[in-house]
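Student: Please examine one part of this model closely: the aromatic side chains and their surroundings. I would prefer one connected account, with the criteria stated as they arise.

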Amino acid sequence: MWYAVLISPFIALAVAGLVREYLFWRSGEFDGGQSCGKITVVIPMRGVAPWTEENLKAITAQKIDAAVEYIFVIDSADDPAYSLASKFGRVVLNEGEGKSAALATALKYADGDCIVFADDDIRPGPLWLHHLTAPLSKYHAVTTYRWYLGRGLCHKVRLAISNMGFPAMLDKRSRFVWGGSTALRREVVDKSKLAARLPKYVSDDYAVYSAIKELGGSIWFSKAAIAPTPDPECRLREAFMWGIRQILMVKWHAPAGWYAGVAIYTIGFLLSIALPLAGLLLSHPELLTGLVLHPINLAKDLVRARGVAKYSGTPVKMGQVVATWLVGNIVLPLAVWASAFVKCVWWRGRRICR
């Protein structure tokens, strides 16, 4: 009995999370026309993958009632990304080092009244840019999120870690901006002096987010702009280290959020896995109460997957969602705990330490 009383608040929090997920995906998408006269899409690149060209074709084949310019930022003219990007838009050389510097470089050339930052690994649908920019008539910034496409264990690890960010996106009070697809009003870029701010941050997401918040700006999450992201050559170790890097960005730029995450995933692992296992081995059935958290969390993931499929048209198989949930029960706490000890990460050939 005592254990049931102890765990009941955590069960209530899990149910509240499920309800919030359901209400978020039940709410509608932004319904309004295009307000941008000209849109500048900035895409930093380093190297190419066999599927990069198909991604760029999708990014640049948008149906939108606005003028659009694409600016690609490459570190060197010797990079194979230079010749590939030249087929799809203007190419400029990075005047600094890293992604944040690349975005800052592009802003010197961008003259759109709406600015979009995008990653080259997404493969969005033809209305992605419209859904990402139309809400700028009402909001200072619009963001969305990615959904990884693939098969095998590595894909499940990547998707599980990526989806850690979704809960924060559901509430405007905790919402951040994702650099893979974020749109800004020109006034936000100019008033915040974003070009000067960006190189000071390891994470471009947090540089943009801090600029918006300092201006008291509002952020809309576009469900219809969710970006499918093919990942056909996923490598397990690389995916896990990528996940640690994502968590480290939170640790470095929003330490309070990182500490909260450590507590949440540690408590969740203890209540739903470690203690129930101990209950089975030691014949303490009361410890099995934590197993009730699993169907609640799985239901939340299934609601999210259905919402992604409905609003963005991203192909989602529910069997893969269940498999991803199973993998996430182990991988997520491991990645969070590992982030407490890792000091340096690699990103596209760059060693980043803090």
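Tutor: A suitable starting point is Y259, which is exposed because its relative accessible area is 57%; exposed means over 50%, buried under 20%, and partly exposed in between (1.4 Å probe, protein chains only). W258, by contrast, has a relative accessibility of 10% and therefore counts as buried. The model is predicted, so local features need pLDDT of at least 70 and side-chain atom pairs pLDDT 80 or more, whereas totals for chains, interfaces and linings use all residues. Residues are numbered from 1 along each chain as its sequence is written, and side-chain values use heavy atoms, without hydrogens or water.

Aromatic pairs come next. Rings of Phe, Tyr and Trp (its six-membered ring) pair if their centres lie within 6.5 Å, and planes under 30 degrees apart are stacked, over 60 edge-to-face and the rest tilted. This criterion yields 14 aromatic pairs. Y148 and W242 form an edge-to-face pair, because their planes stand at 85 degrees, with the ring centres 5.7 Å apart. This contact joins distant parts of the chain, since Y148 belongs to strand β6 (residues 146–149) and W242 to helix α11 (residues 236–253), 94 residues apart; helices (H or I, at least four residues) and strands (E, at least two) are DSSP runs numbered from the N terminus. Both Y148 and W242 are buried. The rings of W258 and Y259 also make an edge-to-face pair, because their planes lie at 70 degrees, and their centres are 4.9 Å apart. In that pair, W258 is the buried partner at 10% and Y259 the exposed partner at 57%.

Ring pairs also build a cluster, which consists of F24, W25, Y145, W147, F166, F176, W178, F221 and Y311. One member, Y311, carries the charged end of K223 over its ring, 5.4 Å from the centre; the criterion is NZ of Lys or CZ of Arg within 6 Å of the ring centre and within 35 degrees of the ring normal. Y148, already described as the partner of W242, has R158 over its face at 5.6 Å from the ring centre.

Two backbone positions may be added for completeness. K193, in the loop between α8 (186–191) and α9 (194–197), has a phi near 50 degrees, a positive value in a residue other than glycine. With 64% relative accessibility, K193 counts as exposed. S283 lies in the loop between α12 (255–282) and α13 (293–312); its phi is likewise positive, near 60 degrees, and it is not a glycine. S283 is exposed, with a relative accessible area of 60%.
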